[in-house]
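Dear colleague,

Please find below the structure that I am handing over to you, with its sequence. My notes on what was found in it follow directly after.

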Amino acid sequence: MNLEFTNEEKELARVARKALAGRDTLASARAALDGDAPPDLWELAVQLGWPGVLVTSDEETGGTLLPGLAAAMLLHIECGRALASTGLPGHAAVLAAFARHARHDTVTALWEELVAGTARGVFLPAVPGSRDGHPTMQVDERPCAPRGELPAAAGAGRDIEVTGRAAMVPGVTEDATLLVPVRCADGTAGAALVDGQASGVKITTGRRYDMTTSTGSVDFEAAPATMLPLTGGDLRRAWDVMQVLLSAEALGVCEATLDMGVDYAKRRRAFGRPIGTFQAIKHQLTDVYRQAENVRSLLCFSAVSAGTDEFSLACSCARLAADRAAESATRACLAVHGAIGVTWEHDAHLYFRRAESARLLLGGQEVAAGHIVGESHRLAIAAESREGT
């Protein structure tokens, strides 16, 4: 099995790094803390063709299943390094959910708009689960403790109404098209499409602690919606893809803060020599490197397992490891820089804010760890069943 990235994927990452550097995203984040409008790089993403990186427009398949996942990972690593706010993880999750249904009459037109970036998709986080053998979802209502109920779907056929609420929705904007997991009359999970500007939809956004991560809440009150032909598996794939892309951004945070710490450890001198020669500094930076490489390996595992039974497990493992690594990396960066690291003028605190806020999205480490246990158990049972037959 070849785990090397292609030249095209590497070129995408190179172009992304250059483009984001030209936008001076760190300066924009700092200005936002001082009262300026928070940065949103969606338009840049559209100009460079990033919204459709995850999928392909292959005419025969109508969108094969996640062929661009590795490229999307590399792109999001660069976004994490630059603390860029693009809204791409939620958009990619919508595409992942639609991937098997790109030619369905309710999806085809929107699919083309999403790939081109003329429409902006947002996935309302919902925790995949099961009940009585039927796929279900729960709204990610509270950070790290998603226990809310799905919005309820009322009506029959394609045209329905949605009532309910979802909080901590990453990248939500009023001009977005919302993919909403809903609770059907029989208690199972379904999926509805809602226009963010439709009547009965109230979107409240805000950025406080971290100006580079946009989240919001969405309230539905008999909002007009279109029922979609998606299954529980499609919604689960959307969740998994969003998890793995958030993991890639966290790896970018790790890489940036590790580079920052190593560079400072080489330049800063104490007792007549660089502080990087002291074990207390070397051990911290080495441990960050170890954790970052672990995350990178898990991201590769996610890319090669797309479309297999192990994909969901791989994505949850990557998310759990990435959140821990990003937190460790940003704290180590602050420690290595000493007093200068906690000053307002230094960039280290911007990465720390990003790591602390991003780890609350999609249920955070608690939900990722729970999925690892559940998926490992499911795969073990399936393996035993195959051996028995």
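The model holds 4 cavities of 30 Å³ or more. Please keep in mind that this is a predicted model, and that every value in this message was computed from it.

**The largest cavity**

The volume of the largest cavity is about 190 Å³. Its lining is made up of 21 residues, and those that lie nearest the centre are Gly87, Pro89, Pro170, Thr213 and Ser214. Three helices each supply at least two residues of this lining: helix 5 (88-98), helix 7 (232-267) and helix 10 (348-358). Sorted by class, the lining of the largest cavity has 8 nonpolar, 8 polar and 5 charged residues.

**The second largest cavity**

For the second largest cavity, the volume comes to about 100 Å³. Which residues line the second largest cavity? They are Leu246, Glu249, Ala250, Val253, Arg319, Asp323, Ala326, Arg354, Ala355, Ala358 and Arg359. Helix 7, helix 9 and helix 10 each give at least two residues to this lining, and helix 7 gives the most, with 4 residues. The lining of the second largest cavity has 6 nonpolar and 5 charged residues, but no polar ones.

**How the helices pack**

Helix 7, which helps to line both of these cavities, also packs against helix 5 and helix 8.

I begin with helix 5 and helix 7. Their axes are 8 Å apart and the angle between the two helices is about 150°. Helix 5 is therefore roughly antiparallel to helix 7, as angles over 145 degrees are counted in that way. The crossing of helix 5 past helix 7 is right-handed. On the side of helix 5, the contact involves Pro89, Gly90, Ala92, Ala93, Ala96 and Ala97. These residues meet Asp234, Arg237, Ala238, Val241, Met242, Leu245, Leu246 and Glu249 of helix 7. By class, this contact has 10 nonpolar, 1 polar and 3 charged residues. Two of the residues named here have already appeared above: Pro89 lies among the residues nearest the centre of the largest cavity, and Leu246 is one of the residues that line the second largest cavity.

Helix 7 and helix 8 pack at about 155°, with 10 Å between their axes. These two helices are therefore also roughly antiparallel to each other. Helix 7 passes helix 8 in a left-handed crossing. Helix 7 contributes Val244, Ser247, Ala248, Leu251, Cys254, Glu255, Leu258, Gly261, Val262 and Ala265 to the contact, while helix 8 contributes Ile281, Leu285, Val288, Tyr289, Ala292, Val295, Arg296, Leu299 and Ser302. The contact of helix 7 with helix 8 has 14 nonpolar, 3 polar and 2 charged residues.

The next pair is helix 8 (residues 279-304) and helix 9 (residues 311-337), whose axes come within 8 Å and cross at roughly 160°. Helix 8 is therefore roughly antiparallel to helix 9. Here too the crossing is left-handed. In the contact of helix 8 with helix 9 there are 19 nonpolar, 5 polar and 1 charged residues.

**The second largest pocket**

Turning from cavities to pockets, the second largest pocket has a volume of about 360 Å³. Its lining consists of 17 residues, with Met168, Gly206, Arg207, Arg208 and Thr215 lying nearest the centre. Which strands each supply at least two residues of this lining? They are strand 5 (159-170), strand 8 (201-206) and strand 9 (215-227). By class, the lining of the second largest pocket divides into 6 nonpolar, 8 polar and 3 charged residues.

**Leucine 33**

Finally, I draw your attention to leucine 33, which is found in helix 2 (residues 25-33). Leaving aside residues up to four places away in sequence, leucine 33 touches Arg208, Tyr209, Met211, Trp344, His349, Leu350 and Arg353. Of these, Arg208 is also one of the residues that lie nearest the centre of the second largest pocket. Leucine 33 is 210 residues from glutamine 243 in sequence, and the two are 27 Å apart in space, from C-alpha to C-alpha.

Yours sincerely

Technical notes
Residues numbered from 1 in each chain as written. Predicted model: local features only at pLDDT ≥ 70, side-chain atom pairs only at ≥ 80, totals over all residues. Heavy atoms only, no water. 1 Å grid on protein atoms, 1.4 Å probe; cavity = no way out; pocket = protein on both sides within 12 Å on 5 of 7 lines; lining within 4 Å. Points joined across faces, edges and corners; volume = space filled by probe spheres on them. Nonpolar A, V, L, I, M, F, W, Y, C, P; charged D, E, K, R; others polar. Contact = heavy atoms within 4.5 Å. Axes fitted to C-alpha atoms, helices over the stretch in contact; angles between N-to-C directions. Parallel < 35°, antiparallel > 145°, perpendicular 65-115°, else oblique. Left-handed = near helix turned anticlockwise from the far one by under 90°.
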